[in-house]
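Q: Hi, could you walk me through this model? I'd like to start with the ligand and then look at the sheets and any odd backbone spots.

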Amino acid sequence: MNRIINKAKLSEEVYMIRVEAPLIAQERRPGQFVILQLDSDFGERIPLTIADADSVEGSITLIFQVVGKTTHKLADLEEGEIIENLVGPLGKPTDIAKFGTVVCVGGGIGVAPLHPIAQGMKRAGNYLVTILGARQRDLVILEDRMKAVSDELIVCTDDGSYGRKALVTEPLKELCERATAPNLVVAIGPPIMMKFCAETTRPYGIHTVVSLNAIMMDGTGMCGGCRVTVGGKAMFTCVDGPEFDGHLVDFDGFMKRLGAYRKQEEDAHEQCHLDMAAQRKEAGQ
Amino acid sequence: MHTNNAILTWQRSEKKLGSEFHMSHKTRDQLRDEAGKILADLLNRKDPLKPKDRLAIPSQDMPAQDAVQRRSNMNEVALGFSAEQAQVEALRCIQCRNAPCVKGCPVRIDIPGFVHAAAEGDFKKSIDIIKASSLLPSVCGRVCPQEAQCQLECTVGKTLKDVDKAVGIGRIERFVADLERESGAASLPFIKPETGKKVAVVGSGPAGITAAADIRREGHAVTVFEAFHKPGGVMVYGIPEFRLPKKIVEAEANALKAMGVELVTNFVVGRTRKLKDLIDKDGFDAIFIGSGAGLPKFLNIPGEDFAGVLSANEFLTRSNLMKAYDREKADTPIINARKVAVLGGGNVAMDSARTAVRLGADEVHLVYRRTEAEMPARVEEVQHAKEEGVIFHLLQNAKRILGNDAHQVIGMECLKYELGEPDDSGRRRPVVIAGSEFVIDVDAVIVAIGNESNPLLKQTTPDLDTNKWGNIIADENGSTSLDRVYAGGDIVLGAATVILAMGQGRTAAAAINELLAQPHSVDPLVVASSTCLTGKVLL
Ligand SMILES: Cc1cc2nc3c(=O)[nH]c(=O)nc-3n(C[C@H](O)[C@H](O)[C@H](O)COP(=O)(O)OP(=O)(O)OC[C@H]3O[C@@H](n4cnc5c(N)ncnc54)[C@H](O)[C@@H]3O)c2cc1C
Ligand code: SF4
Ligand code: FES
């Protein structure tokens, strides 16, 4: 259980691991996530969306960006090593159905959770347009996999080093103006990107689903740490989400709450770098 | 600077409280020696003790960690009786024939019986009597609201016209339970021969642990599924170390394992596996659900979505389960606030306030809508909180939370209240005093005003009937709307107590054992082929 079968580096900060997790692989549906913890006593619990699963092999694929102490340590685990605690699948699965034309917008690491959704939407018989956005060329991930399930694929980078030099909202707006406007937009990425995707589609009244990466503890609806205001009501991302109607989410409040522990997280990550450097030194490297 | 402030605050509130304490400031050794002398005197008397003599024995104070010292550590506050104190306290019991105390106990422990054994110094017999009715005496001896249960009814307390002078039933219970655990003498209960039947238990809180043990004793295989990475439920993530040391909960979980109960952590029933699949596909013959309370309530006031506002559940889980109080070692961050407000008046509010003190806040303000008399928290907890310098704001409530542009909390606007007519609960309803707004300077707000129910199982098991609050509907045996599925504890009662959860686990276990005693038609092939799912493969 929880053994890392395979590890690959997708870009400077982004890793992909395949983990032995037969029960999760069997039950998971697109849109769901896991919570993992590397040390039962002092580790923190972090949610990661399931990017893919293989129920025959009994494995799930996780893609993560090194942003803090835990993701840093996770990236340091080698093939064959064990993730101490892994629980899931959590959250409500995506509502996959035939809607007509579906646009999937993925920003940065958000392409990982988007992948199984795109796969599902394509299988359900939708015409699928995918927009991938990243800061620069080497941060574009899963392009081949997304291309394989999409009828059209548009790649944009902020600096123009690959694909169009644009923010994802630009092609999204163009799609909204097409004669056959999309019936559904699914946008997953940094909160600010999701916010502006929702703003882009709002005037056209196109239903826009976003997936929120809230701060979580239990992931089962106990602690309330993952709460977010949706349509003026407090909702809980782990049991009511992670997907919500992007037109109703209070993104500004959500972003502020995400930053609640930023200072402490940065300090911890910094300390983790120092500790690791010290360890390497001790090991005589 | 910081510590100075803390001590100042403490002195301030102690002065305010004056003579309210009946906690002893004597050391554990002093109390033991005093009790030793009393005991020697009592045992030397020629005539048997008459009720009058027993009533004259001084009630024994609980030795406690010094209030100033404990503000900066997580160690247990109440230190527990010595053998001498336990025996003296037990000698105060007059062995009422009608035993009113037993009627006050939700699980009907033979209180005069175990207290009598303790009075004779037979602590082994004493704990054995308790264990016939209660599975978690070390826990209950610490966290049960005895002053509202057994001790409220105690004749000694009534005669002396002071519930605090009742026989210290809980403290004796704690002593005999700790003695057994610490001596390693705890005997495993007898387990009947394997029946080949198996039962799933959802959740490892007091309800789940009790049900698992009682079902296992009948010889059925039991698997406990726990969503978290550690077993114990609220006992590990809610109730802090300083009130219930985690090693005690760990010992209870280990005792379960020693009985042959399989404990599977990181398993969310409903998500990792559907509830019904446990019966339909995995061959479980019955299920007990003890999934506990869920989603915290909020006040729905402006500013509640600011980053420095969090639920008590989140705050306590960070501190207890994730050990965030150990800022050096733990990866999980926790608020680092200077002035903290806690909203609420129950145990959860007290635990939050006292945890905030220990995390180093300069000021902790507890804001409660009614008066101290209506506080649902245990009296001992309220006292301890005051001793530790928590500043009580009674008949006040938050109106809105004030923040800056960065959505950080910078204060809380409150309203004053007065007590009006009694409401449905019989408590006098607090009525707002118009125009009484004022602001307290705080930089974090912890909301501890209660819980809704955990929505997850209902969401994933639509046929499972719940009431309008989302609690699972179960009859007096714990039976739910689904065949072979039972439930108990907070998920049925709403937020209740450890002992009530335990009692419900016990009742449901008895019903499950009865159900499984009846021959029923399960295809043995189905059972055999599906055992692999929850067998060792998982672990
Ligand atoms: C801070 C605090 C202080 C308290 N103080 C006291 C006190 O002093 N005295 C007292 O008597 N009571 C106290 N209580 C109340 C008491 O702790 C509870 O009533 C009691 O723990 C309820 O027991 P339970 O077994 O029903 O549920 P819990 O203890 O809540 O356990 C439920 C368990 O089920 C798990 N779970 C939930 N859903 C699933 C799922 N789908 N699959 C698998 N596992 C699942 C949870 O992770 C949890 O471990 C306090 C509560 C809190 C929060
Ligand atoms: S009511 Fe009090 S004095 Fe009477 S039997 Fe119970 S504990 Fe003893
Ligand atoms: S993570 Fe605790 S309620 Fe959602």
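What follows is a short chat about the ligand, two sheets and some backbone details.

Q: Before we dig in, what kind of model is this?

A: It is a predicted model, so please read everything below with that in mind.

Q: Okay, ligand 1: how many residues surround it, and which are the closest?

A: Ligand 1 is surrounded by 33 residues. The closest are B:Val143, B:Ala207, B:Glu226, B:Arg243 and B:Asp490.

Q: What does B:Glu226 do with its side chain there?

A: A polar side-chain atom of B:Glu226 lies 2.6 Å from an oxygen atom of ligand 1.

Q: And B:Ala207, is that backbone or side chain?

A: Backbone: an N or O atom of the B:Ala207 main chain is 2.9 Å from a ligand 1 oxygen atom. B:Val498 also has a backbone N or O atom 2.9 Å from an oxygen atom of ligand 1.

Q: How much of ligand 1 does the protein bury?

A: The protein buries 96% of the 990 Å² that ligand 1 exposes when taken alone.

Q: Which elements give two or more residues to that shell?

A: In chain B, they are helix H13 (206–217), helix H14 (234–237), helix H18 (347–358) and helix H22 (498–517). H18(B) gives the most, with three residues.

Q: What about the chemistry of the shell: how many nonpolar, polar and charged residues?

A: The shell around ligand 1 has 18 nonpolar residues, 11 polar ones and four charged ones.

Q: Which domains give at least three residues each to the shell?

A: Domain 2 (198–294 + 454–538) and domain 3 (309–447) of chain B each supply at least three residues to the shell around ligand 1.

Q: Switching to sheets. What is the strand order in the five-stranded one in chain B?

A: That open sheet runs E6-E14-E7-E8-E9 in chain B, and the pairing is parallel. Its edge strands are strand E6 (309–311) and strand E9 (391–394) of chain B, each of which pairs on one side only.

Q: How far are neighbouring strands turned against each other?

A: On average by 20°, with direction ignored.

Q: Can we zoom in on a pair? How many bridges join E7 and E8 of chain B?

A: Five bridges join strand E7 (residues 339–343) to strand E8 (residues 363–368) in chain B, and the two run parallel. As a landmark, B:Ala341 has B:His365 in E8(B) as its bridge partner.

Q: Just remind me, what do strands of a sheet pair through?

A: Backbone hydrogen bonds, in either a parallel or an antiparallel arrangement.

Q: Over to chain A. What is the order in its sheet of seven strands?

A: The order is E10-E9-E8-E7-E11-E12-E15 in an open sheet of chain A, with mixed pairing. Strand E10 (164–165) and E15 of chain A are the edge strands, and each pairs on one side only.

Q: How do E7 and E8 of chain A pair, parallel or antiparallel?

A: Parallel: strand E7 (residues 101–107) and strand E8 (residues 127–134) of chain A share seven bridges. A:Val102 stands opposite A:Leu128 in E8(A).

Q: Last topic, backbone oddities. Where are there cis peptide bonds in chain A?

A: One joins A:Gly88 and A:Pro89, with omega about -5°, and A:Pro89 lies in strand E6 (residues 85–90) of chain A. Another runs from A:Gly241 to A:Pro242, with omega near 10°. A:Pro242 sits in the loop between helix H7 (237–240) and strand E15 (243–245) of chain A.

Q: And what is unusual about phi at B:Leu395?

A: B:Leu395 has a positive phi of about 55° although it is not a glycine. B:Leu395 is in the loop between E9 and strand E10 (396–403) of chain B.

Key
Residues numbered from 1 in each chain as written. Chains lettered and ligands numbered in written order. Predicted model: local features only at pLDDT ≥ 70, side-chain atom pairs only at ≥ 80, totals over all residues. Heavy atoms only, no water. Near = heavy atom within 4 Å. Polar contact = N/O pair within 3.5 Å; in protein donor to acceptor, adjacent residues only side chain to side chain. Areas by Shrake-Rupley, 256 points an atom, 1.4 Å probe, with all protein chains shown as cover. Helix = DSSP H or I, 4+ residues; strand = E, 2+ residues; numbered from the N terminus. Nonpolar A, V, L, I, M, F, W, Y, C, P; charged D, E, K, R; others polar. Domains from an automatic or database assignment. Pairing = 2+ DSSP bridges. Axes fitted to C-alpha atoms, helices over the stretch in contact; angles between N-to-C directions.
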